[in-house]
Number of protein chains: 2
Amino acid sequence: MSELAELRQDSESPKRQLVLDAATALFMAQGYGAVSMDAIARAAGVSKATLYAYFSSKDQLFATIIGEACRQNIVVSNFLPGDETDVRASLTALAGQTLRFLLEERPLAIQRVVISESVRFPELGRAFHDNGPGVFRRVFGEWLTAETMAGRLAVPDPAIAADQFIGLLRSGLYLRATLGLTPPPTEAEIDATVAATVDIFLKAYGPSGSHATA
Amino acid sequence: MSELAELRQDSESPKRQLVLDAATALFMAQGYGAVSMDAIARAAGVSKATLYAYFSSKDQLFATIIGEACRQNIVVSNFLPGDETDVRASLTALAGQTLRFLLEERPLAIQRVVISESVRFPELGRAFHDNGPGVFRRVFGEWLTAETMAGRLAVPDPAIAADQFIGLLRSGLYLRATLGLTPPPTEAEIDATVAATVDIFLKAYGPSGSHATA
DNA sequence: GTCTATAGAAGGATAGAC
DNA sequence: GTCTATCCTTCTATAGAC
């Protein structure tokens, strides 16, 4: 029991968490430059001195928050089709799950912030990629390899195919959402994008003769 | 002769152009928040008072510059394959031209700035989309329709197919470039992405039996 | 029209009381 | 540990000389 306390981070201070929560919300919504330390302290309900007791600078606070957000920004961790043999159903489930995740406000905000600040904070671009698209490419690529060996797919280069799958999902709807264009995508549009992605993917990488349509 | 002068914009002041050039470079490189009016005036070699004589505020200067940059950010304007009948060659040329354009520093910078400031300046997201991906989808979609009617392609929904083409080009390499990851893409990598894009596109939308490989 | 100089506000960071 | 109050810098924007 007492070991549990030892396993905790040394950052269990409640005020520290208040600062982190407030700063996260503000940075995600407005980006680095538009948020002041005054605004963070006010939103957290603490003084600026307390804020600086936990974080030595605005830069460090920002990098801590966005880096941690990137590390938690995993999309495919629970994609384990296991004994599923219906490839189209598996791909459709994965595409739907992935695109809906990408279109959530938080992942959209993380991507916006990382892209805009990747010049000033290069490590954020790396963290975002390695924990997001990089993980997807690895996990999905391994699955594509297994499916190819099982004869259910014919994927010559799993890394390229995984990148293409991501690219197909990130076209159209997602690009418009990234640019903040209204109105937000409807469920029907999301399903249509998912279906179109699975269609083109299976036409290209399905076993010969599996050129089924929606 | 004298009509020429009348045709000119009322913005032919050389100092105004100096300000525009300097501000464009700075905003592209560092974004809105990190650039001060002092820095712009210094880089342009004019005083701040002169700067404010031409642009009433930092917001207006920024919106003017980025909006104009979006309007000039056209990618497919000179894509006119004309009497070309080799679809694979046409698609390869278009894909290579488009991806190389997207990977240039200026389009990358425009996209970064627009994405990061689309919350504060919603009209920029719209201008970027309508002059960039929107134009591509329309022009390329019309071409796909013509090729389909000519029997050289079989594209059921040109708008979706055009979005997918863009998405395929924007996967992998381009995503990493957007995040500022080093090293920059090599010519070989660009060619490989182009080839992979054309391959999957033709497998899905080529006329039956044209499943050629690279 | 253009400059120098500066006003007025806001930002990041800190000293010192409690 | 936390707060109030403040320092110093930098920012946007402008007044006034030439």
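1. Start at the DNA, with A:K48. In this predicted model, an N or O atom in the side chain of A:K48 sits 2.3 Å from a base nitrogen of DNA strand C. A:K48 is also listed among the closest residues to the strand, along with A:M37, A:Y52, A:K58 and B:T50. In total, 16 residues surround DNA strand C.

2. The backbone of the strand gets its share too. Of the atoms of DNA strand C that come within 4 Å of the protein, 55% belong to sugar and phosphate. Two chain B side chains are worth a look here. B:T50 has a polar side-chain atom 2.6 Å from a phosphate oxygen of DNA strand C. For B:K15, a polar side-chain atom is 3.4 Å from a phosphate oxygen of that strand.

3. Which helices supply the surface near DNA strand C? At least two residues each come from α3 (37–44) and α4 (48–54) of chain A, and from α4 (48–54) of chain B. If you sort that surface by class, you get 7 nonpolar, 5 polar and 4 charged residues.

4. Stay in α4 of chain B for a moment, and look at the lysine there. B:K48 pairs with B:D38 in a salt bridge, 3.2 Å from N to O. This one ties distant parts of the chain together: B:K48 is in helix α4 of chain B and B:D38 is in helix α3 (residues 37–44) of chain B, with their positions 10 residues apart. How accessible are the partners? B:K48 has 36% relative accessibility, so it counts as partly exposed. B:D38 is at 39% and therefore also falls under partly exposed.

5. Now the protein–protein side. Chain B puts 37 residues in contact with 37 residues of chain A. Between them the two chains bury about 3300 Å², and 68% of that is on carbon and sulfur atoms. How many salt bridges are there between chain B and chain A? The count is 0. Polar contacts between these chains come to 2 residue pairs, taking pairs with both residues at pLDDT 80 or more.

6. As for what builds that interface on chain B, the elements giving two or more residues to the side touching chain A are α7 (105–117), α8 (122–131), α9 (133–149), α10 (158–169), α11 (173–178) and α12 (187–205) of chain B. The largest share, 6 residues, is from α12(B). By class, this side of chain B has 16 nonpolar, 13 polar and 8 charged residues.

7. Although salt bridges between chain B and chain A number 0, the structure holds 20 over all chains. One of them is in helix α8 of chain B, where B:D130 and B:R126 lie 4 residues apart, about one turn of the helix. Their side chains meet at 3.5 Å, N to O. B:D130 is partly exposed, at a relative accessible area of 37%, and B:R126 is partly exposed as well, with 36% relative accessibility.

8. Chain A has its own examples. A:E117 forms a salt bridge with A:R120, with the closest N and O atoms 3.6 Å apart. Buried or exposed: what is A:E117? At 12% relative accessibility it counts as buried, because the cut-off for buried is under 20%. A:R120, on the other hand, is partly exposed at 40% relative accessible area. There is also a network of salt bridges, linking A:R100, A:E187 and A:D191.

9. A:T24 is another residue to click on. You will find it in helix α2 (residues 14–30) of chain A. Its relative accessibility is 14%, so A:T24 counts as buried. Leaving out residues up to four places away in sequence, A:T24 touches A:I65 and A:R106.

10. Last, the stretch after α12 (187–205) of chain A, which is where A:P207 sits. A:P207 is partly exposed, with 27% relative accessible area. What does it contact, apart from neighbours within four places in sequence? A:P207 is in contact with A:G151, A:R152 and A:L153. For a sense of scale, A:P207 and A:A161 are 46 residues apart in sequence and 14 Å apart in space, C-alpha to C-alpha.

How values were computed:
Residues are numbered from 1 along each chain as its sequence is written. Chains are lettered from A and ligands numbered from 1 in the order in which they are written. This is a predicted model: local features need pLDDT of at least 70, side-chain atom pairs count only at pLDDT 80 or more; totals for chains, interfaces and linings use all residues. Side-chain values use heavy atoms; hydrogens and water are left out. Contact means heavy atoms within 4.5 Å. Buried area is the accessible area (1.4 Å probe) that two parts lose on being put together, summed over both. A salt bridge is a side-chain nitrogen of Lys or Arg within 4 Å of a carboxyl oxygen of Asp or Glu. A polar contact is a pair of N or O atoms within 3.5 Å; within protein, one must be able to donate a hydrogen and the other to accept it, and residues adjacent in sequence count only if both atoms are side-chain atoms. Ala, Val, Leu, Ile, Met, Phe, Trp, Tyr, Cys and Pro count as nonpolar, Asp, Glu, Lys and Arg as charged, and the others, Gly among them, as polar. Buried means under 20% relative accessible area, exposed over 50%, partly exposed in between (1.4 Å probe, protein chains only). A residue is near a molecule or strand if one of its heavy atoms lies within 4 Å of it.
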